[in-house]
Every structure is written in C-alpha cells, then in structure tokens.
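Here is a friendly walk through some surface patches and charged pairs. Have the model open as you read.

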Amino acid sequence: MASQSNFVYGWIYSDGNIINDAIEGVKYDRKMTRLVKLDFSLKYQDLLNLLYAKLWMDAAVYKLNICRRFLNPVTNQFELAPMYDDDDVEFMFETVLDSANRKFFVELYVEKVTIGLGQSSNEVVQISTSHYTSTSSQSSKKLRISESVGGSGDFSSASSSRLLYMTRVDSDGNSRGSSEYRDEDIPFYRSFDGASMVASFDEPIIQKGGNILNPTELENGMVFETKEDLLNVLKNVHVANHLEMKVVKSNSECLKVECKRKTTSCVWMLRARKRKSHNYFEIMETKGPHTCLNPNMTQDHCNLNSSNIAQVIATQIVADPGVSDKVLEATAVSHFGYRPSRRKIRHARKKLEKSLFKSSEESYGYLPFFMNALQSFNHGTHVDWHFKEHDLGLPITEVARFKRVFWAFKPCIDAFPHCMPVLLIDGTHLYDKYHGVLLTATAVDGFNHLIPVAFAIVEAENIASWSWFMDRVKKKVVLRRRDVCVISDRHAGIISAMNNPELGWREPQGHHRFCARHLAANFGKEFKGGLKDRIVALCSQLTGPKFTMHWNALLAIEPRAEEWFADKALKHWALAFDDGKRFGIMTTNFAESWNNAIKASRKLPITALVKSIFYKVVEYFDQRRLEIENQSVDGNEFTKHATTILNRWKKRASGHHVKVFDRDTWVFEVTTMRRGQKGGNKQIVRLMERICTCNKWQTYHIPCSHVLACCANQNIQHTSLVSEWYRLDNARKVYATPFEPLPHEDVWPILDGFPKVVADDEMITKKSGRKKSTRYKNEMDFQASRKSKRTSSGASSSVP
C-alpha cells in the first residue's frame, strides 16, 4: 500500500546543532522534533507554511532556512542541500520517487533566524558556529564541498555571475535533461550528486525557555535575545525544580545570579553578558551543580513573580478580559505547582492589561472605531453618542469630550420581541481611571434566562442619564411593543423617566414595578426589627386574602408601615395586584447577576469593557442555542423552565376534585386535596376567560394545577393554554439572529467625519489606590457578596 501513496513522511529537526561526523557525514545532535506528511503536490511556500504551523513559529518574527539531508551514493556519507524554491521541493520528491531503493521519508533540518537580525532571502544559508562541531580539524571553518561527486554535473566559477550547469539523473544514471542557470536564479548547485554546495555557520541560535528543564542544561554559549528572557528562564527553572536564586548584579550589559543560600556545599552561579558580536545576552560562565533545596514550607515561591505568571495567564486574559482572579490563580497553581499570592495575580493581570489593551486615555479615542466596526459587521446594531458639548450648547468640532454612549446589538434587538414583555434595569459603577456607571436593560426568555438587550455608559445615575437611556431603549429596542413591564429599584431618575409622558413609558404603553428586595431594604432603613423578610413575603402574596393577612400582621408589629406605604400604589410592589404584568418576577436578580458576571471587566478601560461585553453576550447566545437543540432532541414542546412547573402542578392536579358548573363557558369549581393542615380549598376556574382564583395562571402565564385538573376532567388539551413565550419554537426565534465576528483591525472600515473622542477630566478618579465607598450598603450588596448561584439560573421568581 505504501508504494501507492501520494505523500512522503518528513522527519523535521530543529533547535539543535549540526555535526560533521567523519564516518556518517552531516548529522543532527537532537532527536526528531516533528513527523509530518508531505504531499507530492506541495510547493515551496506550502512547505514553509506547514513548517511554521507545525513548529509553532510566527512568520512575522522568524525566517526559516531549510536544508535537506541526503545520502551521497559515491561517498556513502550524508550531506546537506539547501532549499530555496519550488525546483528544490520538486527535486526532493523526484529523488524519492526515482530512487532504486525507494524511501518513504525525507529529513529536513530547519533553522530559524530572527527577522531583521538574520540574512536576507538572497543570501546564503547561515547556521551558528557555536552550534556546529566537527570531528575533523576543519570544524571551525565554513564547510565547502567543491569537488564533483557522481560525474554528471559541471561547475564553473570563472566569472562573478558564476554560470551554473545542472544535470539531473535518474536512478539508472540516465540524463533527464540539462538547463542553464545563473546565481541570481539558483545560488547553489542542486543536483543529487551534491556538488558545489556551500553553507556557512555564523548566526547565533536564540534559546527557548520551554526547552530548558533544569539548571544543569544552562550551559556556556547559550544565547538569549534579552536579559529579561534569560531571567524568566532562570526563574521558571528554579520554580520547577524547587530551588531558589538571587540576583547579585544586573545592568544593561551584565547579569550575575547565584544560589539564594550559597554555602560551601552549594556554589551554583551563572554569569551572562551582552556580546557585541551579536548584540544578545550569552551565558559566559556557570558553576554547579545547584544542590540547595528550598527549606521553607510555603505555598508561594520567592522567584515566582508577576512576569512569570503573566506569561501563563495571557491566553485567558485575551480570551476573556473579565476572567476572575480565582480562575487565574488556579491556572498558576496548575502550571507552577505553587500558589502565588493574590497580589502577584493582580499585578500580573495589570501588566497584561497594560500591554494588551490601550490606556484609559487612548481607549476613549479608540472607542468610536470599535463601535463603527460593530455596526459595520453586525448590521442593525445601534450606537448613540452624547458629548459634553451637547449640554453646553457648543458645536461639535474635531475633538469632543465624552459623556455618554448607548448601544444595542442587532441580535439582542431582534430577540426582545420573542422574550417575555419584561425589562429589568439596573446600574453598576465602573472602576477605571475615569469613573462612570454602566446602565443595562435585561430581558427574560422562556427558559427563565437573562438576555442583556441594551447598554449605556453614563457619567452617573441621575434623572438626565436615566431619561436619556430609557428614551433610547424605547425607541431602539422596545419600538411599538406595548404592555412592557419595567422592574427596577426606586431610584428617583428611573421613576422620573417612567412618568415622563414624552418618553412613552406611561401606562398603557408601559408598566413600572418595584424590586421587592430593594423595597424591603429601603423599609429596613426606616424601621428596625428585622422586618425585611416580612416585606418580601408581603410583596410576593398571590391573592388578596393572603395579602391582607400578611398586611395586618405587619401593622401589628410596626403601625407606622401604613404611612410609609401610603404614597406607593399597590400595583407597583404587590404581586396580588399586579395583573400579571411582571410574570412573577419579584426582584432585579437577573440584572444583578449580569453585573456580577462582568464584575472583573468593570475595571478595564472603556473600549476593553465594551469588547468584553460583546464577547460575553456572544457566548450567552451560543450556550442558549445549544440548550434549545438539546431539548428539541428530547422531544420537548416547552422550555425546561415551563416543563418543570407543569410537571409539578400535574402531580398536584391528580388529587383535585372537579365540579362542572357551565360547559358552554367552561366554568368549574375545584376542591384541593387536604394534606395535613393544608388543602381543602376551593378555587373557581373560568377557562374561556383564562382566570383561576388562585391567581397563579394569570401571574406566571402557565396553567396551574386547578386548570390542569379541569382539562383532564373534560379531555381538553392543556398545551394550548401555555403562553407562547414558553414554547421551544419561540425560543429558537429569540436566538435566531447570529452575531458576526469582528475581523482584524486592518480591514475595519474607515471612520470619516467623526470627532476625536477624549475623556472628560471631571470624571477622573481623584485619589489613587482603593477608594473608600461612601454608599450605604443594603440587602442587595450583602446578597451579592454571598456565594451566588449560576448566572443563567437567576432565581428572580419563586413559583409555588
């Protein structure tokens, strides 16, 4: 089967030394690095791309020099043939195919040269003298093979153009044609006989820290690009081997380190300096071995610093700038075997953020370009700006001072019409150099999962900023949809925006409801005695009689409560009088959960924050689509949230007694089964009017146990009574619009006619270090500090 293959195996060698053995000829002192398949259709550039990928090298940083090792049939020794273009690759495959003793592998030696420091593409291949050794006396000289081997070729160097004649022969020695080349076309003789091959060895090979595992491998002559690279290697080696070192001398030209507990038994030392011959740091002297182990029982290591940690966690920060410190700490522990302090983790994060993201000042100027790219590649995404000049009545010139920005992603705008008609709004503070507040409007889908649909970064929470935000939410997200319920705390700015007739949120277009926990926290400030739980229970009662019972119990303890609630309409805070507008959602826990999910990102510069939110929402959409498909495979008609409630209420319905009062209008009396002190209640069900006196059906828009019992009694299909928001078909529509990825910045569209955005100096944080909070903490703050449940679960509504 091998003879019919259309490929040959390539044995790739790299990061080693070429040795000229008197018996074997040219060989490598390292084991094979990679084994790859080389298709016979490969061209020279394809081969280069393959080697860059397999050897994990960046083509923008390194140039690869490739040599093929072949066996000279006359001398029976291995020799090198440099490779430069498609002819060399073609000839390599021809020698494999035409060989009498056909082999199915080729050996390639790959040397990397740093671009800008190595040779140009028209110069001869150079390999470091410090990495070339020979068993003969001529090992320190450039290797030149100038005598013809195999007889068919001829080489002349009579002129500067060095006219070359190359004759290729097959395995039987027959000529396959000859061609005439000049050295600008082909600088070396490339016949299989190997005549006139020239190679030189001058350029140093830069060491990679990943190849060094212990101090004994640090040898004289090793070269590092910078002193920092050498120090990082030294620290990683000592951490991995539970050793400790200290820096004795360090400057721009020299570095000397030794054992931290240097004694007569442990004399380990290393000295390196910057060589003028190649301008790199080279190890000049080492003493050893390093035998002194770390005697301290500690989880941290003195040589493990933020720079080493930053190299390990960099990929995580790039993938998710908001990743928590705990996750980064776990990564560091897994890699190093030590548990670094939180201080080191934070410093490593700051170093990466400074190098990966723009500064706070630059980030404001970069934000318009990023927003423009979002709109260009995700058509329909809306962005609205408000500058300080707008408030001052000044014209917008080439420079504008930032005050607010609003944005809503197109997939989120398309998702809201298929979500419950509920929006939870909340604000959270930002902790970059320039302070601000992130406002978010969050919707809820049929899975009882949150969907952030609109965002804004504003100067502070006030009447002007909330009115500006709610106006854009209405015009760009809600549009003509009516009966949308907005749940929030009792911030004066929100109340003012909801009551402003110009913004279109007053009933019947919209409905405003208060968060029960925020209401209870406000009540707790006025009245002591641990009554907050009673307030939450009072707000959550489903029926008027139960509400009255809890209300009387509250007044018996605190009579002043009646005066405190006098200016608050019942429909704004009591579920029993809500008319089903809030779908049983009593708190803003969904919005609080989202704020907690982006907690780490709130410390980033403004553009990095927006970018982090973009990728977080993309991740949310992907997870939800996967969940929908998994439930579709199981044959479910409704979401998992609705199915769980229906199954629980079906069990209760089995014990109910149903009596029909009117078959034409479907009026029933349902008596519940008595279970201990509970049960034995009577509820009236009117199917045509979609009413049950327990108020659960009207509140959650899912048939309660009494309705299910009536449907079973009359053989009525109850699925038609479930709200459309809970159907899987509708859930697919929520996440139907896909996000489009953002390409590299080089292909972003040009932003013309937009002013340069700068930060407002009045928004700068006055003091450095950790700012002492002047905000009164309430119940929501203490709840957020506890170990929360998963963000997607969002226990915002309690279904009995």
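## Patches and pairs

Tyr-9, Met-32 and Leu-35 make a nonpolar patch of about 270 Å² on the surface. This is a predicted model, so please read the details below in that light. Within the patch, Leu-35 sits in strand β4, which covers residues 34-39. Its relative accessible area is 46%, so Leu-35 counts as partly exposed.

The surface also carries a patch of negative charge, where Asp-46, Asp-86, Asp-87 and Glu-90 gather. Which helix gives the most to the negative patch? That is helix α2 (residues 86-98), with three residues. Asp-86 is found in helix α2 and is partly exposed, with 37% relative accessible area.

Next come the salt bridges. Side chains of opposite charge can pair when their charged atoms come close. The count here is 27 salt bridges, and the table shows three of them.

| Acidic residue | Basic residue | Closest N and O atoms |
|---|---|---|
| Asp-414 | Lys-410 | 3.1 Å |
| Asp-471 | Lys-475 | 3.4 Å |
| Glu-629 | Arg-732 | 3.8 Å |

Take Asp-414 and Lys-410: both belong to helix α9 (residues 410-415), and they are four residues apart, about one turn of the helix. Asp-414 is partly exposed at 22% relative accessible area, and Lys-410 is partly exposed too, at 27%.

Asp-471 and Lys-475 are likewise four residues apart, in helix α10 (residues 463-478), so about one helical turn separates them. Is Asp-471 buried or exposed? With a relative accessible area of 11%, Asp-471 is buried, because the cut-off for buried is under 20%. Asp-471 and Lys-475 also take part in a network of salt bridges that links them with Asp-384 and Arg-472.

The salt bridge between Glu-629 and Arg-732 has its closest N and O atoms 3.8 Å apart. Glu-629 lies in helix α18 (residues 606-633) and Arg-732 in helix α22 (residues 728-734), so this pair ties together parts that are 103 residues apart in sequence. Glu-629 is partly exposed at 40% relative accessible area, and Arg-732 is partly exposed at 32%.

One last stop is a loop. Asn-251 is found between strands β15 (245-250) and β16 (254-259), and is partly exposed with a relative accessible area of 30%. Leaving aside residues up to four places away in sequence, Asn-251 touches Lys-227 and Phe-281. Asn-251 and Lys-227 are 24 residues apart in sequence, and their C-alpha atoms are 8.9 Å apart in space.

Definitions and conventions:
Residues numbered from 1 in each chain as written. Predicted model: local features only at pLDDT ≥ 70, side-chain atom pairs only at ≥ 80, totals over all residues. Heavy atoms only, no water. Patch = residues over 30% accessible without salt bridge, like charges linked within 9 Å, V, L, I, M, F, W, Y side chains within 5 Å. Areas by Shrake-Rupley, 256 points an atom, 1.4 Å probe, with all protein chains shown as cover. Salt bridge = Lys/Arg side-chain N within 4 Å of Asp/Glu carboxyl O. Lys, Arg positive; Asp, Glu negative; His and termini not counted. Charge placed at Lys NZ, Arg CZ, Asp CG, Glu CD. Helix = DSSP H or I, 4+ residues; strand = E, 2+ residues; numbered from the N terminus. Buried < 20%, exposed > 50% of the residue type's maximum accessible area, 1.4 Å probe, protein only. Contact = heavy atoms within 4.5 Å.
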